[in-house]
Amino acid sequence: MSTTTVRASQKAPGKAHREGISVLQMTELFATEQHAVDWFEAIHWPTGEIACLRCGSDDAYRVKSAKPMPYRCRTCRRYFSLKTGTAMEDSKLPLRMWAWAIYLELTSLKGVSSMKLHRDLGVRQATAWFMLHRIREAFAGIAPLFEGPVEVDETYVGGLERNKHRSKRQNLGRGPVGKTAVVGMKDRTTGQVVARVVPNTTACTLQGFVEEHRVPNAPVYTDGSTAYDGLPNREAVHHSVGEYVRDMVHTNGVESFWSMLKRAHKGVYHRLSPKHLQRYVDVFAGRQNIREWDTLAQMQHVVAAMVGRRLMYRDLIADTGQSSLAT
Ligand SMILES: [Zn+2]
């Protein structure tokens with residue numbers, strides 16, 4: 001897990017409209033493979049100084065013949081490419097195709113399907129599926145720290161009991177049976193969200209989550225759940241007595257995130273185990289967190305975030321189980 005402090009300045013400042021990119025502009029931006037190489041280089045090395053994508057050393061240089069690879073690091077004494085040490089590692093696909101896949105994924109509301117990517121890019125569907133997982137990896141496992149004020153709330157995600165096959169029903173009464181608990185936090189200042197699949201909603205679990213993602217003592221707003229009792233600098237609205245908003249004390253921001261998450265989840269994924277759900281929640285929150293940025297800035301963010309996220313096919317299969325991922 002990497003820890004990042006999300007700064008307010010990362011939000012497009014005072015922008016009424018984010019700037020998109022048309023398909024025509026994309027074909028011009030990435031007219032040749034060299035255009036793509038220049039674009040990826042500028043993201044990794046904005047000052048023009050080459051740094052190793054494996055060890056980070058800036059004692060690296062361009063290899064004239066580009067053989068066996070375009071760059072070499074004097075510190076770790078190895079050759080590398082623009083894919084080395086990133087989620088694109090070992091991919092034989094041209095960078096141009098990666099840029100297009102990132103574009104298509106970011107510009108589809110719920111993410112692009114591997115079937116569509118397979119048709120649009122002319123790659124095998126299995127290749128498209130793996131590309132999408134590598135791109136989404138850019139949003140996975142981020143552990144942000146919010147300055148607040150923050151809103152915290154929990155929800156339950158999962159199929160309705162009555163829709164499940166009889167053998168899979170748990171018949172344990174009403175309530176969140178067969179569903180997975182997710183706890184989320186939204187920073188009121190930046191609008192950024194972080195959410196985590198949790199095994200239970202005890203005070204220990206929920207307060208642990210809060211303390212992990214707020215700077216110490218940042219103001220926190222919750223509902224009246226006793227699980228948050230004792231949390232420093234917390235104010236609660238008591239839904240049980242019909243109270244939902246008391247001046248600044250409400251959890252409407254994080255609740256609207258839940259409703260978006262559930263709508264999207266229903267539309268795309270029909271069943272996800274808790275493990276798969278965490279990945280989905282990460283990607284959904286990550287996409288939400290950059291939704292107001294210009295498309296090009298979003299694409300650059302994904303490329304930069306893929307560094308250090310080497311994803312092996314066998315790990316991915318073991319981790320997510322291809323069969324239950326509908327896209
Ligand atoms: Zn190195």
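**Exercise 1. State the mean pLDDT of the protein chain in this predicted model, and find where confidence is lowest and where it is highest.**

Solution. The mean pLDDT of the protein chain is 82. Of its residues, 79% reach 70 or more. Next, go to the extremes: confidence is lowest in strand 1 (residues 2-5), with a mean of 43, and highest in strand 3 (residues 71-73), at 97. Then look at residues 167-175, where the pLDDT is below 50; beyond near neighbours in sequence, this stretch has five contacts in the model. Residues 319-327 also stay under 50, and the model gives them 17 contacts beyond four places in sequence. Where pLDDT is low, the predicted coordinates should not be read in detail.

**Exercise 2. Describe the make-up of the protein chain: how many helices and strands does it have, and what share of its residues is buried?**

Solution. Start with the elements: the protein chain has 10 helices and 10 strands. Then take burial: of the 327 residues, 31% are buried. Last, consider contacts between residues at least 6 apart in sequence: 61% of these join residues at least 24 apart.

**Exercise 3. Place strand 6 among its partners: in which sense does strand 6 pair with strand 7, and in which with strand 9?**

Solution. Strand 6 covers residues 150-157. With strand 7 (residues 180-187), the pairing is antiparallel and runs over eight bridges; V152 has M185 of strand 7 as its bridge partner. With strand 9 (residues 220-223), the pairing is parallel, over two bridges; here V150 is bridged to V220. Finally, check the cover: seven of the eight residues in strand 6 are buried.

Key:
Residues are numbered from 1 along each chain as its sequence is written. This is a predicted model: local features need pLDDT of at least 70, side-chain atom pairs count only at pLDDT 80 or more; totals for chains, interfaces and linings use all residues. A residue is buried if 20 or more other C-beta atoms lie within 10 Å of its own, exposed if 12 or fewer, and partly exposed in between; C-beta atoms are placed from the backbone. Helices (H or I, at least four residues) and strands (E, at least two) are DSSP runs, numbered from the N terminus. Two strands pair if DSSP finds at least two bridges between them. pLDDT is the predictor's confidence in each residue, from 0 to 100. Two residues are in contact if their C-beta atoms, placed from the backbone, lie within 7 Å.
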